[in-house]
Amino acid sequence: MMRARADAPYLVAARGGRPSRRPVWILRQAGRYLPEYRAMRARHTFLQLCNDAEAAAEVTLQPVRRFGLDAAILFTDLLIPVPPMGIDLDFDPAPVLARTVRSRADVAALRVPDPERDLRPMLDTARHVRAALPQDVALLGFVGAPFTMACYLIEGRGSKQWDLTRRLLHAEPATFDALLDRITEALVPLVTALVRAGCDGVQVFDSWASVLSAHDYARRCAPHTERLLAAARAAGALAIDYVNGAAQHVEAMSRSCAEVLAVDWRRDLGWFRERIPSPKALQGNLDPTLLFADEATLRAAVRAICAAAGPDRHIFNLGHGILPDVDPRAVEIVVDEARRT
Ligand code: CP3
């Protein structure tokens, strides 16, 4: 099986060392802000791209080539496992599920996909990308955290505060816990399969954890996330725990087995450094809207993050996904500045 070299900057920083250059990648780096992506998207739907391993590999590689990034993240979506769990899915462009999951019977009906049979395009994408990727660039796979997946399964589409999800957590605790358990059971084999297909790390995305209290997150959600992170490590890859709302969940995150904690922008990186014990590495945490600021402001913000992080155990990134109408030139500036400091 192919892998990045042990001295790849991403791997060195993630394992607690000092890399030859500060590794940089951009959350949601493949996508609509890139003209080369829009050209492919004009001819295919998002789901067609995800299900065509050669096209998905090409889209994965586009930002890595253009910006010289230190990690590639598979072009797919955290909801791609939902149809083989038994619920049809469409993107409009935001996800819309054909059914919701709100009762014990709904949970019991969810199937556990067989990754090589049911999620073959995702694994083939990983194999194609790894074969084409320079050896000093890490390949990252990803899955949704059980809580963030539950948000979509319970509500069927996006929501601001995920009220129905939080309501179920408190009103039907046994159903909620069974759902997170079932999602975890469905995703553990995928995590293992992603690593076997060549991923050097697996990032678990808890994009909507910011709506939860620290108490509910730590007791009801983090233990499920932990099983996915542990599965990545057991398969021989790095575990990366992304939590949007990291400041309020920093204690639970610090207790996780992940080597890398990926954090949003709401607190300075120095604040996280003070609270998260070595050797954990930090990934982050530029506010994505800073890419619309003037160049001097943008460069100063990147420098401040790098200064707070210091030279080791830091992977530069945004604190959440890049926005669709960003000028690609802003990404060039970010990469250039992060590598200078
Ligand atoms: O380069 C990359 O980052 C790889 C691709 C990637 C996608 N989705 C492709 C995508 C990744 C890492 C994701 C993860 C994802 N998907 C998350 C976690 C990260 C985050 O932003 O918090 C979430 C919450 C989703 C669910 C999802 N998929 C939403 C909310 C949307 C619509 C809004 C949006 O951000 O685009 C999608 C659709 C989606 N996923 C697109 C892409 C490129 C847009 C589809 C299109 O081209 O029309």
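Student: How many disulfides does a search of the whole structure find?

Tutor: This is a predicted model, and the cysteines can be checked by the distance between their sulfur atoms, which must be within 2.5 Å to count as a disulfide. For C221, the closest cysteine sulfur is in C151, and at 8.3 Å it is too far for a bond. The search of the whole structure gives a total of zero.

Student: Is C221 buried or exposed?

Tutor: A residue counts as buried when its relative accessible area is under 20%. The relative accessibility of C221 is 1%, and C221 therefore counts as buried.

Student: What is the strand order of the open sheet of seven strands?

Tutor: The pairing in this open sheet is parallel, and neighbouring strands are turned against each other by 25° on average when direction is ignored. At the edges stand β1 (71–73) and β9 (314–318), each with a single partner strand, so one side of each has no neighbour in the sheet. Read across the seven strands, the order is β1-β4-β5-β6-β7-β8-β9.

Student: How many bridges join strand β5 to strand β6?

Tutor: Strand β5 covers residues 201–206 and strand β6 covers residues 238–243, and the two run parallel. Within this pairing, G201 has L238 of β6 as its bridge partner, while V204 stands opposite D241 in β6. The number of bridges joining β5 to β6 is six.

Student: Which residues of β6 point the other way from L238, I240 and Y242?

Tutor: In a regular strand the side chains alternate between the two faces of the sheet. In β6, L238, I240 and Y242 point one way, and the residues on both sides are buried. Six of the six residues of β6 are buried, so the strand is largely enclosed by the rest of the structure. The residues that point the other way are A239, D241 and V243.

Student: Which residue in β8 does A262 stand opposite?

Tutor: Strand β7 (residues 260–263) pairs with β8 in the parallel sense, over three bridges. Strand β8 is itself largely enclosed by the rest of the structure, because six of its six residues are buried. The residue of β8 that A262 stands opposite is Q283.

Student: At about what angle does helix α15 run to β8?

Tutor: Helix α15 is made up of residues 295–309, and β8 of residues 281–286. The helix lies across both β8 and β9. Its angle to β8 is about 160°.

Student: What is the angle at which helix α9 and helix α10 pack?

Tutor: Two packed helices are described by the angle between their axes and the distance between the axes. For α9 (residues 146–155) and α10 (residues 163–171), the axes are 9 Å apart. The two helices are roughly perpendicular to each other, since angles of 65 to 115 degrees are placed in that class. The packing angle is about 105°.

Student: Which residues in α10 are met by F147, C151, I154 and E155 in α9?

Tutor: The residues of the contact of α9 with α10 divide into five nonpolar, one polar and two charged. On the α9 side stand F147, C151, I154 and E155, and on the α10 side they meet D163, L164, T165 and L168.

Student: Where is W162, which has a positive phi although it is not a glycine?

Tutor: Most residues other than glycine have a negative phi, and most peptide bonds are trans. W162 has a phi of about 55°, and W162 is buried, with a relative accessible area of 1%. Its place is in the loop between α9 and α10.

Student: Is R28 buried or exposed?

Tutor: R28 also has a positive phi, of about 65°, although it is not a glycine. Its place is in the loop between α1 (9–14) and α2 (35–41). With a relative accessibility of 52%, and with over 50% counting as exposed, R28 is exposed.

Student: Which residue is joined to G284 by a cis peptide bond?

Tutor: A cis peptide bond also joins D92 and P93, with omega of about -10°, and P93 is found in the loop between β2 (89–91) and β3 (95–97). At G284 the omega of the cis bond is about -5°. The residue joined to G284, which lies in strand β8, is N285.

Definitions and conventions: Residues are numbered from 1 along each chain as its sequence is written. This is a predicted model: local features need pLDDT of at least 70, side-chain atom pairs count only at pLDDT 80 or more; totals for chains, interfaces and linings use all residues. Side-chain values use heavy atoms; hydrogens and water are left out. Axes are lines fitted to C-alpha atoms, for helices over the stretch in contact, and angles run from 0 to 180 degrees between N-to-C directions. Helices (H or I, at least four residues) and strands (E, at least two) are DSSP runs, numbered from the N terminus. Angles under 35 degrees count as roughly parallel, over 145 as roughly antiparallel, 65 to 115 as roughly perpendicular and the rest as oblique. Contact means heavy atoms within 4.5 Å. Ala, Val, Leu, Ile, Met, Phe, Trp, Tyr, Cys and Pro count as nonpolar, Asp, Glu, Lys and Arg as charged, and the others, Gly among them, as polar. Two strands pair if DSSP finds at least two bridges between them. Buried means under 20% relative accessible area, exposed over 50%, partly exposed in between (1.4 Å probe, protein chains only).
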